[in-house]
Amino acid sequence: MTATSQSAAADVPGTAARRPRDPRLDFFRGLAMFIILIAHTPGNSWTLWIPARFGFSDAADIFVFCSGMASAMAFGAVFARRGWWLGTARVALRVWQVYWAHVGVFLVTAAMLFAFDHFGLGFRERPYIEGPYVVPLFSETGEALIGLLTLSWVPGLFDILPMYLVILGLVPVVMLLHRYGGLASAVAFVLGLWLAAQFAGYARTVEPGEAGGALGAAALALGERLQFLNPPSSPFGDHVWFFNPFAWQLIFFSGFALGMGWLRPPPVDRRLVLLAAGFVLLVVPFAWFKIHGGIYLPEQWALTGWIADTRARAEPLWWKTWVGALRYAHFIALVYLAWVAVGPEGRRLSQGFPTPGAARPAVLAAAGVVAVATVPYTYIEEIRALAPALDAWIVATLPMAPGPRVGLVQLVHLAAVVVLGWAALGAAGRRWLTRDAVVRAVPVVRKVGTQSLAVFMVSIVLARFNGWVLDWMEQDHVWGDRDVWTRAIVNLWGFAVLIATAYVVSWFKRQPWREAVPPAAPRSAAAGAGEVRAPRPAMAPRR
């Protein structure tokens, strides 16, 4: 972009001229790619530790929000410099790319699962082509192909890209509203569409007899008229898109408005930080299944029942399909905390974070006692496999926590080990981990974020492949069953593939074959003295 075009775009109010990519955008979008791979891998115990387990929002919200910011940077300047029609054409090109990416990813994944069964790499008692994601393609092929191409069949795991391309189609509408009606008009459209999707979701999930009072009946009647906002996801049953695009556009355009400069982030304020952190912590019991499901709290406790009942009654406020109000609030609170944590302009991502010191000697001594005392409760499977006699003695001698509640003891063990490990690193090690390691790792994560579409496409196929690897290891007892080391190897291998994909795609996008070749260095007279040169053709006489 020339200086003239830059200034021209900057002179248009509320537009995003092309500028250097925000490191925070690429970092968090790259982080979301790793989390999405973990979440989509079948049989992966690492999914117990992803953000979705402890709150209403998850990595999908990060991906959509960051995609909104990236879209503002990619398309906003086009709308500003070249007008609405060419801006719309630019968006249409991206929609076209995302559409074929969706179709291609599904077909590649289905072909891979078929190959597992066809070449005897699967399991006879559990064929992969009978999985819920792809079974209609092989049982009702014609209808499935039509549904795939018309987006009327959007199976689970393959539902994010269709939602994304519909939201992209709303970008020209929002830009037109902002152009002629200002920010208020655009905000009214986004909020109104989200609210309409809430009513449509309410009518979809509530039976007529369950609508309480006149207000509930009116909401149900309105929602029934708005059922066209629930796109069908299957020609084989009464199902709708898991990611409703008319609700998820609220998260997308929140990021889009920030990227365009229409909205400014709130200031760094201690009171806002405490409010956001308090809300995030308050949500944990209602989101973490080990609490509201009666695993870590006794089922007979009144508190356990109250948490479960409150969660059930408030479902429309946290549901994922239609982005409930509490889910959106939870995500915005996390966005604010993350924005504060990385510092102004993401400075800590390039400079590192403050280094906490080691715990006091008394705390370290207590952590050591706790770590040793909780070993028999933490490494149950490992002790049982390596030392059966010791396992029998532990079961017969030591008091055992009831059932799954042993997980609480394991969490205490983990906390004690972290305290001891942090002290054992020493001052230099702690400083390296919070500064040098961060400075080295962030560019890699950012690279993944810059190539999010390609990385996401690979991650969908890779997640199913990694699930097959875990099945194979468990079936043939390769490297043991699905223990902590097996899962770590598979997940880290997946991370490596995503990173390699980002760097390879970035290299191809750079088109190095089009770069100008530097001119050859002039030869010295001495170097060319022994060469035999071809005679020059005679020059025609001048006229």
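# Report on a helical chain: helix α9, two pockets and selected residues

Gln511 counts as partly exposed because its relative accessibility is 29%, where buried means under 20% relative accessible area, exposed over 50%, and partly exposed in between (1.4 Å probe, protein chains only). The structure is a predicted model, in which local features need pLDDT of at least 70 and side-chain atom pairs count only at pLDDT 80 or more, while totals for chains, interfaces and linings use all residues. Residues are numbered from 1 along each chain as its sequence is written, and side-chain values use heavy atoms, with hydrogens and water left out.

## Chain

The chain has 23 helices and 0 strands; both are DSSP runs numbered from the N terminus, with helices (H or I) of at least four residues and strands (E) of at least two. Of the 543 residues in the chain, 41% are buried. The C-alpha trace spans about 110 × 70 × 60 Å along its principal axes.

## Positive phi values

Most residues other than glycine have a negative phi. Gln511, in the segment after α23, has a positive phi near 50°. Glu345 also is not a glycine and has a positive phi, of about 55°. Glu345 belongs to the loop between α14 and α15 (347–351). With a relative accessible area of 61%, Glu345 is exposed.

## Helix α9

Helix α9 covers residues 245–260, and its 16 residues should span 22 Å at 1.5 Å a residue; the expected span is 1.5 Å times one less than the number of residues. The C-alpha atoms at the two ends of α9 are 21 Å apart, which agrees with the expected span. There is nevertheless a bend of about 30° in α9 at Ile251, taken as the angle between axes fitted to the seven residues ending there and the seven starting there.

What surrounds α9? Because 15 of its 16 residues are buried, α9 is largely enclosed by the rest of the structure. At the start of α9, Asn244 places a side-chain oxygen within 2.9 Å of the backbone nitrogen of Phe246. This is a polar contact, meaning a pair of N or O atoms within 3.5 Å; within protein, one must be able to donate a hydrogen and the other to accept it, and residues adjacent in sequence count only if both atoms are side-chain atoms. Just after α9, Gly261 has a positive phi of about 85°.

## Pockets

The largest pocket has a volume of about 1,500 Å³. Its lining comprises 49 residues, and those closest to the centre are Phe65, Leu258, Pro265, Val335 and Tyr336. Pockets are found on a 1 Å grid over the protein atoms alone, as open sets of points with protein on both sides within 12 Å along at least five of seven lines; lining residues have an atom within 4 Å of a point. Grid points are joined across faces, edges and corners, and a volume is the space filled by probe spheres set on the points.

At least two lining residues of the largest pocket come from each of α2 (23–40), α3 (59–82), α7 (160–205), α9, α10 (270–287) and α14 (325–341). The largest contribution is that of α14, with 10 residues. By class, this lining has 40 nonpolar, 4 polar and 5 charged residues. Here Ala, Val, Leu, Ile, Met, Phe, Trp, Tyr, Cys and Pro count as nonpolar, Asp, Glu, Lys and Arg as charged, and the others, Gly among them, as polar.

The second largest pocket holds about 920 Å³ of space. Trp49, Thr378, Glu382, Gln410 and Val484 are the closest to its centre among its 24 lining residues. Two or more lining residues are given by α18 (380–386), α20 (406–424) and α23 (484–510). Of these, α20 gives the most, with 7 residues. The lining of the second largest pocket has 13 nonpolar, 5 polar and 6 charged residues.

## Residues within helices

Three further residues are listed with their helix and accessibility.

| Residue | Helix | Relative accessibility | Class |
|---|---|---|---|
| Thr501 | α23 | 13% | buried |
| Arg384 | α18 | 45% | partly exposed |
| Ile291 | α11 (residues 289–292) | 15% | buried |

The side chain of Thr501 reaches the backbone oxygen of Val497 at 2.8 Å. For Arg384 and Ile394, 10 residues apart along the chain, the C-alpha atoms are separated by 10.0 Å. Ile291 and Ile307 are 16 residues apart in sequence, with a C-alpha to C-alpha distance of 8.3 Å.

Terms used:
On a 1 Å grid over the protein atoms alone, a cavity is a set of points where a 1.4 Å probe fits but cannot get out, and a pocket is an open set with protein on both sides within 12 Å along at least five of seven lines; lining residues have an atom within 4 Å of a point.
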